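I am opening a notebook page on this structure. The entries below record what I looked up, one topic at a time.

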Amino acid sequence: MKAVLVSKEEAEIARQRLFSEDALDKTRKLVKKKGFVEIPVKETFATTDFDLIEQVKPEYYIRNKTLGDILDITEEEEKFIPSGWQILGDIIILSLKKEIEHRKAEIGKGLLSLYPRCKTVLLDRGIAGRMRQPEREIIAGKGTETVHKENGCLFKLDAMRIMYSRGNLAERRRMSELGRGETLVDMFAGIGYFSIPMAVHSKPEKIFAIEINPVAFGYLKENIMLNGVGDIIEPVAGDCSIATPCGIAHRVIMGYLDAHEYLEYGIRALLPGGILHYHEAVPEVIERRPFLRLIEAANKQGRKAKILEMRRIKKYSPGVWHVVVDVVVD
Ligand code: SAM
């Protein structure tokens, strides 16, 4: 393997010049030998400015193994192996193209060998129903309950039955900085995705966290205990259309893509001047729809809604965005 041989004193200048000429071979390390340095260069590199040598003992960087390295699959199949997955606690969750599903057991086993601290691999087939429950299958390992750590908070959940959106991370972080000293209502609270980080980081006076799904509600209660915020969060089991309190909140979060059906309750929960964080899945072509819904819902209660800001949280589907609109209601 080719390398440029320079004195130790000239090595850094030579390395920078070779870098600028894109001549470096980044798979190999610089090798220091008796006052000289071997700088690995690409086999195609040619020069009259430096001494070129054939390295006797090249030293390689350890390249992380990839799934492709460890699976015994055909070149055709290689095109379909997954390039990314989610790691929730000690559980790996991935989707597979149908062309490679027949290899799911080997792929699961391969991933567990790449991530020895993980115990199970789940194949994700999407989500269904009002409670947004995932449809999943164990393809390697066993046990689906885990504790996931994010932003200094602990979230216990059963990855077979509970969704945990990676795409909402930035919004969870944003919300974790809001609400200090306030009374909040977290509608559609799930396992406490917003309530827990807000209670841990912003110390609001009180959070009423409402959740209809008994499995998610069970984890919500556990996560309140796990994070030591039982004095702040009051878990409320039930339907937001019934369990949402009236006229008590400085801030209401409506983290649910069909929240427009519950706007009446979210607005009614707000004190005058309270802030609503309203989520919706909105097509790009009618991006003002959430504003119209919010203004109309407030007007129905004889109140005014003033739009503060709309943020795109993540792409929900082609041409459709998951957005959150912050609005103040008088
Ligand atoms: N708000 C969290 C977030 O944005 O990350 C959780 C979102 S999760 C997709 C929606 C949650 O709302 C689920 O846990 C579901 O069970 C719950 N849910 C759906 N309809 C509900 C209702 N009418 N009342 C209370 N919870 C509801």
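These are my entries on domains, a pocket and a few single residues.

**Entry 1, domains.** I am working from a predicted model. I looked up the domain assignment first, and it gives domain 1 (2–54), domain 2 (67–143) and domain 3 (167–329). For domain 1 and domain 2 I noted a distance of 41 Å between the C-alpha centres.

**Entry 2, the largest pocket.** I looked up the volume of the largest pocket, which is about 1100 Å³. It is lined by 46 residues, and the closest to the centre are Ile127, Arg132, Met163, Tyr164 and Ser165. I then listed the elements that give two or more residues to the lining: strands S6 (91–94), S7 (120–128), S8 (133–141), S11 (183–187), S12 (206–211) and S16 (305–317). By class I have 21 nonpolar, 13 polar and 12 charged residues in the lining. Where does the largest pocket lie with respect to domain 2 and domain 3? I put it between them, because domain 2 (67–143) and domain 3 (167–329) both give residues to its lining.

**Entry 3, helix H4.** I looked up which residues of helix H4 (residues 104–114) are buried, and found Ile107, Gly108, Gly110, Leu111 and Leu112. These buried residues pack against helix H2 (67–70) and against S6, S7 and S8. I had already met S6, S7 and S8 as elements of the pocket lining.

**Entry 4, histidine 148.** I located histidine 148 in strand S9 (residues 145–150). Is histidine 148 buried or exposed? I count it as buried, because its relative accessibility is 13% and the cut-off for buried is under 20%. A polar atom of its side chain lies 3.1 Å from the backbone nitrogen of glycine 89. Leaving aside neighbours within four places in sequence, I found histidine 148 in contact with Ile87, Leu88, Gly89, Cys153, Leu154, Phe155 and Tyr164. Tyr164 is also among the residues closest to the centre of the largest pocket.

**Entry 5, glutamate 38.** I found glutamate 38 in strand S3 (residues 36–40). At 6% relative accessibility it counts as buried. Which side chains make polar contacts with the side chain of glutamate 38? I noted lysine 33 at 3.2 Å and glutamine 55 at 2.7 Å. Not counting residues up to four places away in sequence, glutamate 38 touches Ala3, Val4, Leu5, Lys29, Leu30, Val31, Lys33, Ile53 and Gln55.

**Entry 6, positive phi.** I looked up two residues that have a positive phi and are not glycine. Aspartate 22 has a phi near 50° and sits in the loop between helix H1 (11–20) and strand S2 (31–33). With 46% relative accessibility, aspartate 22 counts as partly exposed. Asparagine 151 has a phi of about 55° and lies in the loop between S9 and strand S10 (153–158). I count asparagine 151 as buried, because its relative accessibility is 18%.

**Entry 7, isoleucine 286.** I found isoleucine 286 in the loop between strand S15 (270–283) and helix H10 (289–300). It counts as partly exposed, at 38% relative accessibility. How far apart in space are isoleucine 286 and glutamate 43? I have 55 Å, C-alpha to C-alpha, for a pair that is 243 residues apart in sequence.

Conventions. Residues are numbered from 1 along each chain as its sequence is written. This is a predicted model: local features need pLDDT of at least 70, side-chain atom pairs count only at pLDDT 80 or more; totals for chains, interfaces and linings use all residues. Side-chain values use heavy atoms; hydrogens and water are left out. Buried means under 20% relative accessible area, exposed over 50%, partly exposed in between (1.4 Å probe, protein chains only). A polar contact is a pair of N or O atoms within 3.5 Å; within protein, one must be able to donate a hydrogen and the other to accept it, and residues adjacent in sequence count only if both atoms are side-chain atoms. Contact means heavy atoms within 4.5 Å. On a 1 Å grid over the protein atoms alone, a cavity is a set of points where a 1.4 Å probe fits but cannot get out, and a pocket is an open set with protein on both sides within 12 Å along at least five of seven lines; lining residues have an atom within 4 Å of a point. Grid points are joined across faces, edges and corners, and a volume is the space filled by probe spheres set on the points. Ala, Val, Leu, Ile, Met, Phe, Trp, Tyr, Cys and Pro count as nonpolar, Asp, Glu, Lys and Arg as charged, and the others, Gly among them, as polar. Domain bounds come from an automatic or database domain assignment.
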